[in-house]
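Subject: Structure handover

Hello,

Here is the structure I promised to pass on. Please open it first, then read my notes below with the strands in view.

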Amino acid sequence: NIMGNSALEYLSPLQLGRMHRALALKSVRKYVKEMNSAVSNVTVNQNEIWDFDIQMYQNILVTNGATLNIICKVAMANNGIIKVDPGATLVLSGSLLTSWGSMWNGIILYPGSRLIVQNGATIENALLAVDSKGGAIFTIEDSKLNRNYKGILMEPYAGTHGGFLRNSTISCIDNNGNPTNLLLSPKAGVPAYSGIEVNNVGQATIGIDIAGKTNTFDNLEMGIISTNSNLTVYNNNFNRIKWVTNSQLGRAIYSVNSDVPAAEKTLIVGGSANADRKNTFTNCYMGTYVSLNQDVNIISNKFTNIEHTGAYIWVCGAPGNAVSILNNMFDDCYRSVYSTGAKGSSSLEVSNNNINSIGTTRPNSIAISISDVSLSTSGTAPTMNILNNIIKKVSLGIEVTNFTMPNIRNNTLT
């Protein structure tokens, strides 16, 4: 009904409002042509609860002092963004954040803002689901990030990052739990790239050593990527982390630092304090890949059906670097432990691991291979210990080259 008989065919503000409301909330929205998000924002400047299924055509901005609690489905337009300003909070509780066309751009957390994802909430179809700037805190528990190109990015932050992930899944699977590479445009036909990226962060911890709080990373090209950061990884399952687009991918945990004179970093994967620190790596191309100027502790984890290498250490050879690979189980890995180029580091220990490879499946399997090592003296004799490992059904048990006096004792090979 056009107001009046004017040739201008006037639409009243009330009529326009009803049209906009219908396009956002009613079934007519399914006939709208796919479009990019408008540059303007829907601004939330006071506490609000959204409990209605809505299709967005603009970005969402939550401003300082406001909390937006979403307990429904919100579908974003192409390239849409939810921006959370300093001092603002976004809560997703049992909700679904998705797109209604191609991929959207995800949630941006500015320094001093907060994101809470809980009670089975899902974030999907984003190019980057959560972007945490300057240590902005996210708490993701009992929830899912699925079919996003990238899951979480922790941008540079000098302190200890307060963001955490507990009993949650970052994956690329269909509604039946099967792996899929069917991302939306502009990533159509491309697999999900990464679960979590940690970039120049003083300290980040992924997971918590509490029973029943295990995280799962499933069907990604990279699980966790850490660059120039101190990282601790507890109580996570990495499943089907394999490369599709590039053979340099397929790492469940990829940790790289800058060489000296950059500051040494520490990587901790698992631990012996309790059983809930254990990480599991299953059906992956590579378990852990560690490179350059890091203390490395890979302790009490389980690696199963690893195509390339369970624990791969490359050139962690700055003075003072120490590498410890202890109490792990490697089952059916092509190569369980490999370290090369640890020149100048203070110690390397591979002890108390249980290594078992099915010979018919991995005909050229290698248990422990260490090469091109020249450990520093640092006042005492350098130490390389390979002790008390149980090794079964491999083609090559223990191989050490270019080290004068390795301490290899009490290993069992059958």
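Start at strand E8. Both of its faces are covered. On one side sit Thr 89, Val 91 and Ser 93, all buried. On the other side are Leu 90 and Leu 92, buried as well. That two-sided split fits a general pattern: in a regular strand, side chains alternate between the two faces of the sheet. E8 spans residues 89-93, and five of its five residues are buried, so the strand is largely enclosed by the rest of the structure. Buried here means under 20% relative accessible area.

A word of caution before you go further: this is a predicted model.

**Neighbours of E8**

Which strands pair with E8? One is E5, residues 67-70. Four bridges join E5 to E8, and the two run parallel. Look for Leu 68, which stands opposite Leu 90 of E8. Another partner is E11, residues 114-118. Here there are five bridges, and E8 and E11 also run parallel. Leu 90 turns up again in this pairing, opposite Leu 115 of E11. So Leu 90 is a good residue to click on: it faces Leu 68 in E5 and Leu 115 in E11, and it is buried.

**Around E31**

Now move along the chain to E31, residues 302-314. Three pairings are worth tracing.

- E28 (residues 280-282) runs parallel to E31, with three bridges between them. Phe 281 has Phe 303 of E31 as its bridge partner.
- E29 (residues 286-291) is joined to E31 by five bridges, again parallel. Met 286 stands opposite Thr 309 in E31.
- E33 (residues 329-340) shares nine bridges with E31, and this pair is parallel too. Ala 311 lies opposite Val 337 in E33.

**The whole chain**

How many helices and strands does the chain have? The count is one helix and 41 strands. There are 414 residues, and 52% of them are buried. Contacts reach across the sequence: among those between residues at least 6 apart, 63% join residues at least 24 apart. The chain exposes about 17300 Å². Carbon and sulfur atoms supply 50% of that area.

To retrace this on screen, begin with Leu 90 and its partners Leu 68 and Leu 115. Then go to E31 and follow its bridges to E28, E29 and E33.

Best wishes

Conventions:
Residues numbered from 1 in each chain as written. Predicted model: local features only at pLDDT ≥ 70, side-chain atom pairs only at ≥ 80, totals over all residues. Heavy atoms only, no water. Buried < 20%, exposed > 50% of the residue type's maximum accessible area, 1.4 Å probe, protein only. Contact = heavy atoms within 4.5 Å. Areas by Shrake-Rupley, 256 points an atom, 1.4 Å probe, with all protein chains shown as cover. Pairing = 2+ DSSP bridges.
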